[in-house]
Every structure is written in C-alpha cells, then in structure tokens.
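Student: I would like a close look at one part of this model and at how that part sits among the rest. Please take it step by step.

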Amino acid sequence: MFTAEKIQSLNELELEVYGYIMQHKNAIAYMRIREVATEAHVSTTTVLRFCKKMGCDGYAEFKLKMKEYNKQKSIHKISENLSEIKAFFERLETEKFQSKLEAAAAMIAKMERVLFTGIGTSGHIGQYEARCFTNIGKFSLCISDPYCPINMQETENTVVIVLSVSGETGQTIKIVNALKRCNCKIISITNTESCTISKLSDINISYYITMHQDEEHTDYTSQVPAVSIIESLSNKIRNRLIEE
C-alpha cells in the first residue's frame, strides 16, 4: 500500500499526514477525516490528496484499505518450520546437485578474478562470500551498488557470481548484462531456474524454497541455501588449489 514510489510522490504537508498515519495505524480506521487533519496539522484537502496518491478515491476507501493493511500486517508471520531447509540440504548432497557445484568450482578455480554481485540482502551475502574466497587465495570483490559503473578492461579471466533470490531484480539484471558485454563468465545462484538472471548465466544453481515477501516487498526468504552453496563452492575450490 505504501510503496516507495507513492511515498516519493508526497509533498511536505502530505508527508506530515503519512507520518501521523504511520504512528497511529490502528486508530486511523476509526477516525474522521477532520480528526486526522487536525492531529496532523494540515487541511482536509491535504488528507484527501494524500489518499488519492495512495490509490484511493477518497478517505472512506482509504480507511477500508487501512483496515485490510493492518490485518495483513498483524497476521504476517515468518514460518519457523525448518522442513524446507532440511529438504534443501538433502538435495545439496545429491549427485546431480554436486555435479553442478563441481562444474561451477572448476570454472571459478581457473579464473584469476571473482566478482560477486547482488542488491540488498544478496549484496551483503556477496560481501561476506567475497571475503571467504579471498581467504582461500582467490582475488574477490563484491559489487553491491546498483549504480556502480561497469568499465572493465581485463575480463578474460573474470567470473561473476550473481546472487538474487527472485532472479528478476532490475538493477542486478542491468549489472549482469554489463558484465556479459565485458565477456565475463556468469554463475548465478537463484531460487528458481526459470528466472531472467538464470537465462543470462553460463551456469545456474537454484535451490527452490518458498519465497516470503510482504506487500511492501520486504523479503524474508532464507539466505541459508545461498550461503551454503557458496561455502560448498569455496571448499571445493580450496581443495582443488591444494591438489594443484
């Protein structure tokens, strides 16, 4: 309901309305428009403009949507059931999954440079994993800034490991396309194999667990599979380097 795009469209007075509503979410559904205007120190016209910018025809519709919003927020609970994670670890041990990991490890091992890329939580995971790879002797960096200019000269020995739960994040796709134009090899780790980033990759490793997002697109999906996959790759690469 309160998307970033809608909030960015608000002027200073409308932001005052938004601020008041966020602090009194449960009460708004039972308040008259004049009461909201008085408490937010704005006019009723400003409240109406705010409602329209939130996609409502008027204050009455906004109150109905606010009730639904509060209901959804109150019932949104993150599952504590670990069965999916256990099932993932079982798949991780299968010959098919291990074969894909070996193929990715072989590609990474022969490259001089490893770039991780991802946005948001995936970017933080990428920073951690870049450190793990550096610890085993692979020169690794992470690109987590969606506006980072991609202008690489030496890319012949560079592999990019892309982290994205949905595989459809626009900024990440833009970075991947830019790196592909630089002739980098692409390995993606995504939730499903049918996503856009998977199709742009030389190798895709997908883990298939239930994605959890609320209506504000806050992602609660577990990153345990992505971390486990990267750490498995790190161990395989380290063993290859020792054998050499």
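**A serine in a short helix, and its surroundings**

Tutor: The part to start from is S198, which lies in helix 11, residues 196–199. The model is a predicted one. S198 has a relative accessibility of 9%, and because buried means under 20%, S198 counts as buried. Setting aside neighbours within four places in sequence, the contacts of S198 are S188, T192, E193 and N204.

Two of the strands around this region also feed the largest nonpolar core: strand 4 (185–190) and strand 5 (203–206) each supply at least two of its residues. That core has 31 residues, and the members that touch the most others are I108, F133, I189, I205, I229 and L233. Further elements that each give at least two residues include helix 7 (83–92), strand 1 (113–117), helix 9 (121–135) and strand 3 (158–163). Helix 8 provides the largest share, seven residues.

I229 shows how these pieces meet. Apart from neighbours within four places in sequence, I229 is in contact with F88, F97, L101, I189, I205 and Y207. I229 is also one of the buried residues of helix 12, a list that holds P225, A226, S228, I230, S232, L233, S234, K236 and I237 as well. Serines and a lysine thus appear on that list beside nonpolar residues. As for the length of helix 12, its 20 residues should span 28 Å at 1.5 Å a residue, and the end C-alpha atoms are 29 Å apart, so the two values agree.

A second core, separate from the one above, has 22 residues, among them Y20, I21, V36 and Y59. Helix 2 (residues 12–23) and helix 4 (residues 33–40) have axes that come within 9 Å and cross at roughly 105°. Helix 2 is therefore roughly perpendicular to helix 4. On the helix 2 side the contact is made by E16, V17 and Y20, and on the helix 4 side by V36, E39 and A40. By type, the residues of this contact are four nonpolar, two charged and no polar.

D57 gives a contrast with the buried S198. D57 is placed in the loop between helix 5 (44–53) and helix 6 (59–75). Its relative accessibility is 68%, and because exposed means over 50%, D57 counts as exposed. From D57 to Q127 is 70 residues along the chain, and their C-alpha atoms are separated by 45 Å.

Technical notes: Residues numbered from 1 in each chain as written. Predicted model: local features only at pLDDT ≥ 70, side-chain atom pairs only at ≥ 80, totals over all residues. Heavy atoms only, no water. Helix = DSSP H or I, 4+ residues; strand = E, 2+ residues; numbered from the N terminus. Buried < 20%, exposed > 50% of the residue type's maximum accessible area, 1.4 Å probe, protein only. Contact = heavy atoms within 4.5 Å. Core = buried A, V, L, I, M, F, W, Y, C linked by side-chain atoms within 4.5 Å. Axes fitted to C-alpha atoms, helices over the stretch in contact; angles between N-to-C directions. Parallel < 35°, antiparallel > 145°, perpendicular 65-115°, else oblique. Nonpolar A, V, L, I, M, F, W, Y, C, P; charged D, E, K, R; others polar. Expected span 1.5 Å × (residues − 1).
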